[in-house]
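Colleague: Got a minute to walk me through this one? I'd like to start with the strands and then hop around a bit.

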Amino acid sequence: MTHSLGSSIARRPRIALIAPGQEIPSGQGTQAATLAVKLRRDGFDVVLLPIDPPFPLSSLRRLRAADVVHIFIVFDRSFPSAAALMLLAKRWGKRVVLSYYKGDATDHAKVLEPWVKRVDDLVVPSVSFQRIFAQHGHRARVIPPIVDVCRFQYRKRAPLRPHFLSTRSLNSEHDLENTLLAFALVRTRYADATLTIAGTGSEAHDLRRLGKSLGSLDIRFLGKVEPSDMPCLYDEADIFLNSSLTDYQPTAVLEAMASGLPVITTNCADLPLLVQDGITGMIVPPQVPSSMAQAATVLMEGKGLGQQIGYRAKEHLERYTWSYVREAWTAVYAGQSVLSPARMKHAVKKASHAA
């Protein structure tokens with residue numbers, strides 16, 4: 001039986017969140033930081049420890065003081081440290097929670113198999129991930145990522161300007177080359193079009209060189225942007241572009257939607273579940289710059305279409321708010337049963353009435 005939120009908070013387990021820090025910009029790091037803020041406001045004792053290697057030995061004392069160790073797994077150079085911390089936490093008798101948010105789940109489910117067997121709970125952001133892990137015999141809870149809507153200023157884009165934004169990392173899976181080529185096509189139609197690209201990654205040099213070769217001075221590469229500066233960046237733009245080749249529940253797209261930005265995105269993986277074509281965004285095929293450019297033209301020339309999409313997208317975000325997922329995370333930390341969708345909706349109504 002799942003206890004009420006109140007009884008869970010009364011127990012106030014001490015929680016250690018282990019996730020990428022500011023030196024490794026990622027959606028997992030953003031999610032961990034947001035979760036830490038929300039949990040503290042609900043009365044939990046939470047410490048957020050960056051996994052950026054090397055993991056400081058001074059943090060082990062804080063880890064040992066926790067009742068629950070929650071690790072956001074990332075398949076990069078921090079993975080060996082995360083795996084070692086999982087084993088150490090279990091040896092100390094801690095409840096260990098593992099969050100898997102991003103990557104090729106089909107391959108990673110195999111790699112994670114010996115580790116998933118040792119943890120107490122596995123949390124994933126989508127049903128797609130849940131099904132993949134189930135094929136390997138692992139049960140996973142689905143809890144949508146959190147978008148802190150209070151941080152992002154919703155603004156109605158009227159008139160809609162050809163001011164485009166991308167906040168995805170400059171790595172191959174996000175195919176920023178497609179975004180740049182699409183913008184070049186848009187630029188031939190709208191002379192005042194601009195594109196701002198925020199983020200870092202392995203393809204940064206090549207993408208900057210491509211931007212110069214396109215001959216446009218209206219492409220800005222900002223590099224790394226601090227999380228505190230992101231709301232202003234979204235507010236300045238009018239249309240969000242996402243060319244991902246694989247994606248599930250990207251925080252960047254959710255933040256754009258919270259800001260009122262109409263989103264144009266590829267239809268890879270779970271993105272069509274997040275964005276409904278023509279309703280809460282525009283869906284285009286991957287690696288077809290002309291399709292992304294055409295979608296931008298439709299938005300620009302459709303009377304009020306961008307404003308309607310931006311508003312409906314913001315309204316669609318309820319299931320990504322803290323009110324919606326609060327009880328689900330409380331259940332995870334307390335080791336309680338999985339909440340049904342109906343119970344999660346009840347929790348949202350309960351929280352709304354309380355507010």
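**Strands, cores and one threonine**

Modeller: Sure. Strand 5 and strand 6 (residues 141-142) run parallel, joined by two bridges. Keep in mind that this is a predicted model.

Colleague: Which residue stands opposite Val124 there?

Modeller: Val142, in strand 6. To get from strand 5 to strand 6 the chain passes through helix 6 (residues 127-135), and that β-α-β crossover is right-handed.

Colleague: And how does strand 5 pair with strand 4?

Modeller: In the parallel sense, over three bridges, with strand 4 covering residues 95-100. Leu122 in strand 5 has Leu98 opposite.

Colleague: Which way do the residues of strand 5 point?

Modeller: Asp121 and Val123 go one way, Leu122 and Val124 the other, and all are buried. That fits the usual pattern: side chains in a regular strand alternate between the two faces of the sheet.

Colleague: Zooming out, what's the strand order in the sheet?

Modeller: It's an open sheet of six strands, ordered 2-1-3-4-5-6, with parallel pairing. Strand 2 and strand 6 are the edges, each pairing on one side only. Further in, strand 3 and strand 4 run parallel and share six bridges; Phe72 has Ser99 of strand 4 as its bridge partner.

Colleague: Which strands does helix 14 lie across?

Modeller: Helix 14 (residues 322-334) lies across strands 1, 3, 4, 5 and 6, at about 135° to strand 4. Helix 2 (residues 27-41) lies across strands 1, 2 and 3, and runs at about 160° to strand 2.

Colleague: Switching to packing: which residues touch the most other members of the largest nonpolar core?

Modeller: Leu98 and Leu112, out of 32 residues in that core. Helix 4 (79-91) is one of the elements that supply at least two residues, and its six are the largest share.

Colleague: What does Leu112 touch, leaving out neighbours within four places in sequence?

Modeller: Ile73, Phe75, Phe79, Leu98, Tyr100 and Phe133. There's another core apart from that one, with 30 residues, including Leu160, Leu176, Leu207 and Met282.

Colleague: Last one: is Thr297 buried or exposed?

Modeller: Buried. Thr297 sits in helix 12 (residues 289-301).

Colleague: Why does Thr297 count as buried?

Modeller: Because its relative accessibility is 12%, and the cut-off for buried is under 20%. Not counting residues up to four places away in sequence, Thr297 touches Arg189 and Tyr190.

Technical notes
Residues are numbered from 1 along each chain as its sequence is written. This is a predicted model: local features need pLDDT of at least 70, side-chain atom pairs count only at pLDDT 80 or more; totals for chains, interfaces and linings use all residues. Side-chain values use heavy atoms; hydrogens and water are left out. Helices (H or I, at least four residues) and strands (E, at least two) are DSSP runs, numbered from the N terminus. Buried means under 20% relative accessible area, exposed over 50%, partly exposed in between (1.4 Å probe, protein chains only). Contact means heavy atoms within 4.5 Å. Two strands pair if DSSP finds at least two bridges between them. A crossover is right-handed if, with the strands pointing away from the viewer, the path from the first strand over the helix to the second runs clockwise. A nonpolar core is a set of buried Ala, Val, Leu, Ile, Met, Phe, Trp, Tyr and Cys residues joined through side-chain atoms within 4.5 Å. Axes are lines fitted to C-alpha atoms, for helices over the stretch in contact, and angles run from 0 to 180 degrees between N-to-C directions.
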